[in-house]
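Take a moment to turn the model around before you read on. The paragraphs below walk you through it one part at a time.

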Amino acid sequence: MTYDQRITGSKGSKVLGAAAHTSLGGYCFIVQEDTVVTVFEVGGVNSLAAYGLSTPLKAGAYISVPEQSTITAITLTSGSVIIYNG
C-alpha cells in the first residue's frame, strides 16, 4: 500500500460497532464516539496494552499501526470506530 492510498483511504473502510470483529486487515481506525476496546490484535498478537488502549478512547482518537502491520482483530464493548482497510 502506498502512502497516497493510506492518506485517501482508497481501499475502503467500514464502521465497526460494539461486538467482536475478526479477520480484519486495517491499518488505522478513528473513534466515532467514546469507545471501550477489550481486544486489539496486530498481526494476530494481543497489542491492547502496547498501544495504550486499556482505557476508554475519546471520540476523534486516531489509532494507526506501523507500515507492513495490520489490525487483525478488535472487540468493542461500547462505542464505534471506522476502520480503514490496508
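## Starting from the rings

Searching the whole of this predicted model turns up 2 aromatic pairs. In one of them, Phe29 and Phe40 have ring centres 5.9 Å apart and planes at 65 degrees, so this pair is edge-to-face. The cut-off that matters here is the angle: planes over 60 degrees apart count as edge-to-face. Phe29 sits in strand β3 and Phe40 in strand β4, so their pairing ties together parts of the chain that are 11 residues apart in sequence.

Are these two rings buried or exposed? Phe29 has a relative accessibility of 1%, so it counts as buried. Phe40 comes out at 0%, so it counts as buried too.

The other pair brings in Tyr51. The rings of Phe40 and Tyr51 have their centres 5.2 Å apart and their planes at 70 degrees, so here again the arrangement is edge-to-face. This pair also links distant parts of the chain, with Phe40 in strand β4 and Tyr51 in the loop between β5 and β6 (62-64), 11 residues apart. Tyr51 has a relative accessible area of 28%, so it is described as partly exposed. Put the three together and you have one aromatic cluster: Phe29, Phe40 and Tyr51.

Now step back for the overall layout. The protein chain has 1 helix and 8 strands, and reading along the sequence gives the pattern α-β-β-β-β-β-β-β-β. Of its 86 residues, 36% count as buried. Among contacts with a separation of 6 or more, 81% are between residues 24 or more positions apart.

Where do the two phenylalanines fit into the interior? The largest nonpolar core has 17 residues, and the members that touch the most others are Leu16, Phe29, Val37, Phe40, Leu53, Ile71 and Ile74. At least two residues of this core come from each of β3 (26-31), β4 (36-42), β7 (71-78) and β8 (81-85).

Next, follow the strands themselves, beginning with β4. It runs antiparallel to β7, and 6 bridges join the two. You can pick out Val37 there, standing opposite Leu76 in β7. β4 also runs antiparallel to strand β5 (residues 45-46), this time with 2 bridges. Val42 has Val45 in β5 as its bridge partner. β4 and β5 form a hairpin with 2 residues between them, and Gly43 in the turn has a positive phi of about 60 degrees.

β8 is another good strand to trace. Strand β1 (residues 13-16) pairs with β8 in the antiparallel sense over 4 bridges, and the bridge partner of Leu16 in β8 is Val81. β3 pairs with β8 as well, also in the antiparallel sense, over 5 bridges. Look for Gly26 there, whose bridge partner in β8 is Asn85.

Leu16 deserves a second look, as one of the core residues that touch the most other members. What does Leu16 touch, leaving aside residues up to four places away in sequence? The list is His21, Leu24, Ile74, Leu76, Gly79, Ser80, Val81 and Ile83.

From there, move over to Thr35, which lies in the loop between β3 and β4. Thr35 has a relative accessibility of 0%, so it counts as buried even though it is in a loop. Its side chain reaches the backbone oxygen of Glu33 at 2.5 Å. Leaving out residues up to four places away in sequence, Thr35 touches Pro56, Leu57, Leu76, Ser78, Gly79, Ser80 and Val81.

Last stop: charges. How many salt bridges does the structure hold? There is 1, and in it the side chains of Lys58 and Asp34 meet at 3.6 Å, N to O. Lys58 is in the loop between β5 and β6 and Asp34 is in the loop between β3 and β4, so you are looking at a link between distant parts of the chain, 24 residues apart. Lys58 has a relative accessibility of 58%, so it counts as exposed. Asp34 is partly exposed, with a relative accessible area of 45%.

Note on methods
Residues are numbered from 1 along each chain as its sequence is written. This is a predicted model: local features need pLDDT of at least 70, side-chain atom pairs count only at pLDDT 80 or more; totals for chains, interfaces and linings use all residues. Side-chain values use heavy atoms; hydrogens and water are left out. A nonpolar core is a set of buried Ala, Val, Leu, Ile, Met, Phe, Trp, Tyr and Cys residues joined through side-chain atoms within 4.5 Å. Buried means under 20% relative accessible area, exposed over 50%, partly exposed in between (1.4 Å probe, protein chains only). Contact means heavy atoms within 4.5 Å. Two strands pair if DSSP finds at least two bridges between them. Rings of Phe, Tyr and Trp (its six-membered ring) pair if their centres lie within 6.5 Å; planes under 30 degrees apart count as stacked, over 60 as edge-to-face and the rest as tilted. A polar contact is a pair of N or O atoms within 3.5 Å; within protein, one must be able to donate a hydrogen and the other to accept it, and residues adjacent in sequence count only if both atoms are side-chain atoms. A salt bridge is a side-chain nitrogen of Lys or Arg within 4 Å of a carboxyl oxygen of Asp or Glu.
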